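The exercises below are meant to be worked with the sequence and the coordinates open side by side. Try each task before reading its solution.

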Amino acid sequence: MSSEKNNLKNSSYTDSSYETIIGLETHVELATNTKMFCGCALSFGAEPNSKTCPVCLGMPGTLPVINKRAVEFAVKIAIALHCKINSYSIFHRKNYFYPDMPKNYQISQYDYPLGSSGYLDVNMGDYTRRIGITRVHMEEDTGKLIHTGSSGRISESDSSIVDFNRAGTPLIEIVTEPDIKSPAEAKEYLVALRTLLLYLDVSDCSMEQGSLRCDANISIKKAGSQGMGVKTEIKNLNSFRFLQRGLEYEEQRQAALIENGEKVMQQTRHYDHITDSTKALRSKEEAHDYRYFPDPDLVPVFMDDDMVEGIKSSIPELPSAKIERYKSGFGLPEADSRFLASDKNTAAYFESCAALCKKDRLKSVSNWIIGDFTALLNKASISISSAKIKPSGLCSLIDMIESGKISIRSAKSVFEEMFNSGKEPQEIVKGKDMEQISDGSVLEKIIDDVINKNPSVVEQYKSGKEKAIGFLIGQVMAATKGKANPALVNEILIKRLKLNP
Amino acid sequence: MKIISGQEVRHIAKLAELDFSEEELSKITSQLDDILEHVAIITRADTSGAEPTSHTLKISNVFREDKVRQSLAKEDALKNAPERCGDGFLVPKID
Amino acid sequence: MRLNFLPAYELKNMLQKREISSEDIASQCLKATERLQGKLNAYIYFDKEHMLSQARAADAYLKEICGSFNKKDGKYFDFTGIPVAVKDNICTKDIKTTCASKILSDYVPVYDATVIQRLKSQKYVLSGKLNMDEFAMGSSNENSAFGPVKNPWDTERVPGGSSGGPAAAVAAGLVPCSLGSDTGGSIRQPASLCGVVGLKPTYGLVSRYGLVAFASSLDQIGPITRNVTDSANLLSAICGWDEYDSTSINGGLHDYCQFLYDNIKGLKIGVPQELMSGGVDAAIKESVNGVLKLAESMGAVVEMTSLPSFEYALSVYYIIAPSEASSNLSRFDGVRYGYRNRDATSLRSMYRSTRAEGFGPEVKRRIMIGTYCLSSGYYDAYYEKAQRVRTLIINDFKKAFGKYDVLISPSSPTTAFKIGEKSDDPLSMYMSDICTIPVNLAGLPAISIPSGLSENNLPIGVQIIADTLREDLIFKTAYSLEKAINFNKLPVHLYEQ
Ligand SMILES: [Mg+2]
Ligand SMILES: [Zn+2]
């Protein structure tokens with residue numbers, strides 16, 4: 001490993017000397033109540049083998065029956081990815097022996113998948129990449145293996161333990177065309193896909209718990225050269241960061257081989273995030289021969305237009321449409337719109353505010369959400385949907401700022417307290433004596449006092465140094481502990497200075 | 001004429017996860033060859049325009065509602081396990 | 001009075017009139033079984049106490065409802081207190097289900113097959129689990145890890161297969177009726193060789209849930225009985241839609257008794273010439289012709305016809321069935337249940353030795369054929385081509401049923417052959433099913449009823465085939481012909497020695 005890694009340091013891969021081609025295969029565990037082909041509840045972290053039945057244990061004589069909701073979820077995903085929903089789709093058996101597979105075949109789809117030929121547009125800041133979706137198909141998940149021994153690795157254990165709780169969980173496999181041109185694009189694709197899936201409410205998309213998993217195919221070739229490079233398949237790219245890092249490593253590795261006049265081998269490699277490198281899986285001599293054939297235990301699924309329309313109508317407004325609406329309808333900048341739409345809950349929050357606020361305050365709402373609010377949410381690592389600040393509270397706070405009731409500076413601390421306590425801004429302001437002083441007669445007295453105490457600064461101002469007024473404003477603010485309405489202070493000061501001989 | 005070679009039979013045995021002794025292997029190779037030779041008559045059938053039948057039934061869209069059913073008691077799930085470890089099925093070193 | 005030789009429908013009447021008890025029936029069946037098990041080896045499992053306790057429970061129930069008819073449908077259930085024996089590839093909760101294989105020799109299902117649940121709801125009496133060819137692969141019952149079953153008519157001979165146990169047990173009077181399974185003739189061929197009635201229902205009419213799969217697109221559970229009436233009653237008890245089987249038919253008829261009437265006037269009968277050709281014993285053809293004459297004398301119209309694609313049926317079957325089987329049987333790997341080689345130190349060697357030791361030669365042969373036919377490079381030439389030819393066979397049937405109400409043929413090309421006669425020649429063994437296989441490929445219903453005895457006192461069977469879900473025509477024809485043939489013979493000599 002280490003020698004390979006050192007090699008990479010000398011590699012001459014740069015963005016311009018090679019072209020990278022990446023295709024991704026993503027598996028999504030659906031958040032249905034029950035498994036794909038039996039009535040067992042889905043569970044994460046239940047006692048081993050406590051969520052199993054004769055069907056998902058592959059006991060002799062048992063038969064699969066398709067979960068209707070899983071099919072509906074799959075159609076939703078396919079529609080959201082602009083796929084053609086195939087009116088006829090069937091299930092195949094993919095045959096291979098592995099102990100996490102109860103039947104030693106996986107029920108999956110092969111040449112008649114549910115959806116095909118779609119795309120997902122991925123925003124890369126200064127350009128948008130349209131990534132083709134080859135297919136969206138349904139299948140069942142495997143069980144889990146626990147390898148004995150302290151390292152938890154297969155190679156160092158002398159036995160493994162199988163837990164079939166996960167076996168039979170509905171899975172959707174989403175395969176892209178080789179349209180992805182860089183590891184960064186791959187990462188953004190997965191971010192966009194996850195956002196979409198969360199909008200559709202079909203999966204919890206937890207990469208940590210394995211409900212969203214990603215494998216990649218990657219090849220590189222000299223820029224401008226004909227044909228395709230030899231591709232490797234990279235497994236275990238199960239976080240956004242690992243996906244990008246693993247692919248970057250692999251780009252470098254392949255380039256180093258080519259530079260040294262060696263050949264890239266077509267192989268499956270495993271990404272290890274600890275060493276941040278990929279390693280070839282022990283290449284087994286037997287090439288896989290899955291012996292796909294139509295599962296005789298299941299009958300075809302026919303999707304007619306009515307069924308597709310029915311499911312379509314249950315799909316909420318998706319991020320791309322929201323971004324457009326925020327821009328054209330609310331007049332928000334592109335960047336704000338993208339940020340707000342990038343998370344279903346954030347968008348919902350923003351839209352609740354929009355319903356309560358005047359349109360000319362929406363930019364202000366957006367600023368608060370993108371700025372202070374997000375910072376506090378991240379610090380507390382909670383979602384906006386569980387925040388104590390309600391949209392009405394944020395709107396009231398903005399009202400108070402706009403009407404001059406409180407200063408921006410105190411608003412920030414009010415906001416923080418709202419975030420921590422969930423109190424209404426009015427309540428906080430009252431209790432803390434934070435209300436902005438916008439009463440002219442009160443301010444006049446303080447201003448006169450400041451003018452009297454700083455004759456030299458007043459002189460400077462009068463002799464044409466207009467900037468000197470800043471110091472005087474600062475003095476007024478200090479005297480009011482920041483509560484003075486700055487605009488009003490400015491106005492009165494100028495008036496007073498002009499009056500003063 | 002041989003339709004299937006000993007080497008192919010070995011490959012198939014691997015896919016099917018079956019061990020055969022050398023003696024068994026040569027016997028089954030010749031039996032498979034006989035059978036495959038016999039079934040080869042289907043190549044004579046004119047199937048132009050005949051779709052493959054994987055189902056004699058003309059039914060489709062058989063679904064189950066997404067309602068939870070009682071799972072097995074853990075002990076029943078593991079009842080027939082040849083070897084278990086805790087609440088899991090134990091398998092030897094994966095190679 | 002030997003209760004074990006009486007038809008189930010008569011036993012039911014006697015139970016209803018309280019002339020006998022279920023315990024009486026069970027005791028006599030047990031006595032016969034204890035006497036003949038050594039000779040016939042029909043059962044893999046039977047438990048005297050268990051059977052008697054079920055019978056007593058049925059008697060208590062009968063006593064409880066005495067006088068008052070069953071509230072639900074105004075009659076006694078057909079199988080309350082009646083012993084039924086079950087082929088050992090149908091799962092019975094808490095009772096070993098071995099498929100006659102070493103790999104499942106200690107397997108105890110944690111659930112009941114749907115057919116078992118339905119019989120249990122009638123308070124039937126399970127007499128035990130019956131011997132068979134391993135995983136239902138065979139035509140002679142010699143492929144059993146528990147030894148071959150003997151034909152009650154001649155214990156030197158095979159009972160046919162794969163439901164050899166179910167056919168032999170019923171023929172020998174060990175039990176009035178049984179459940180078998182039919183993938184390429186596994187109910188009809190042994191029924192024919194043992195002189196009893198075997199029905200293979202329309203694919204999807206009886207739930208396959210709990211039937212250990214051999215070839216999923218062909219398998220069907222059906223009754224083996226000594227008469228057509230019991231066959232109709234037993235089918236009525238087990239058929240119908242099942243939410244656990246996606247390939248079960250929603251709808252269909254549930255009381256086949258209503259079709260048991262003696263009238264086939266005007267019935268149009270086709271006789272496929274391909275099933276009356278050189279491969280069929282002369283005595284059998286003669287017997288079938290005799291039945292056809294009877295039918296004509298009763299007013300039926302008989303015509304020879306041709307279903308040319310039958311030529312390919314055996315080949316299609318020996319591609320499709322092993323292919324499906326190779327996949328279905330891959331779950332037997334020593335991980336979750338069943339036999340396991342405990343000496344193996346790695347997973348792959350455990351798989352390979354477990355399966356090599358757990359499966360018998362015929363099962364391994366078929367797994368190999370099927371794996372080959374599905375493997376890359378061969379799929380199109382074998383599996384897919386076979387599926388296309390299957391369509392031709394279905395089309396031939398469709399054409400024939402445009403013209404005829406039923407088709408009649410022999411059930412088996414030969415009478416019972418000697419044990420060992422074909423066991424080393426798989427291909428000639430496969431030929432035993434040439435008359436029955438086309439029916440499975442098309443998913444049709446068919447019945448075998450006894451048509452007589454050969455010169456050397458071996459039963460001959462005649463097969464009646466009808467179109468999809470036309471069990472009504474099957475029962476009407478079979479019932480009429482059964483009466484006319486009046487076979488009426490039992491291998492009672494077994495009890496004389
Ligand atoms: Mg997959
Ligand atoms: Zn389950």
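**Exercise 1. State how chain A is divided into domains.**

Solution. Chain A falls into domain 1 (2-296), domain 2 (319-431) and domain 3 (440-499), with bounds that come from an automatic or database domain assignment. Between domain 1 of chain A and domain 3 of chain A, the C-alpha centres are 67 Å apart. This is a predicted model, in which local features need pLDDT of at least 70 and side-chain atom pairs count only at pLDDT 80 or more, while totals for chains, interfaces and linings use all residues. Residues are numbered from 1 along each chain as its sequence is written, chains are lettered from A and ligands numbered from 1 in the order in which they are written, and side-chain values use heavy atoms, with hydrogens and water left out.

**Exercise 2. Identify the protein donors of the magnesium ion (ligand 1) and place them in the sequence.**

Solution. Donors are N, O and S atoms within 2.8 Å of the metal (3.2 Å for Na, K and Ca), and since water is not among the atoms, sites may look incomplete. With this rule the magnesium ion (ligand 1) has as protein donors A:His27 through NE2, A:Glu139 through OE, listed twice, and A:Glu173 through OE, at 1.9 to 2.8 Å. The spacing of the donor residues in sequence is H-x111-E-x33-E. Distant parts of the chain are linked here, as A:His27 in strand S1 (residues 18-29) of chain A and A:Glu173 in strand S11 (residues 170-176) of chain A are 146 residues apart; strands are DSSP runs (E, at least two residues), helices likewise (H or I, at least four), numbered from the N terminus. Both A:His27 and A:Glu173 are buried, that is, under 20% relative accessible area, where exposed means over 50% and partly exposed in between (1.4 Å probe, protein chains only).

**Exercise 3. Work out the order of the four strands in the open sheet and find its edge strands.**

Solution. Two strands pair if DSSP finds at least two bridges between them. The order is S9(A)-S10(A)-S3(B)-S2(B), with antiparallel pairing. At the edges are strand S9 (144-147) of chain A and strand S2 (84-85) of chain B, each pairing on one side only. Where the chains meet in this sheet, strand S10 (residues 159-163) of chain A is joined by four bridges to strand S3 (residues 88-92) of chain B, and A:Val162 stands opposite B:Phe89.
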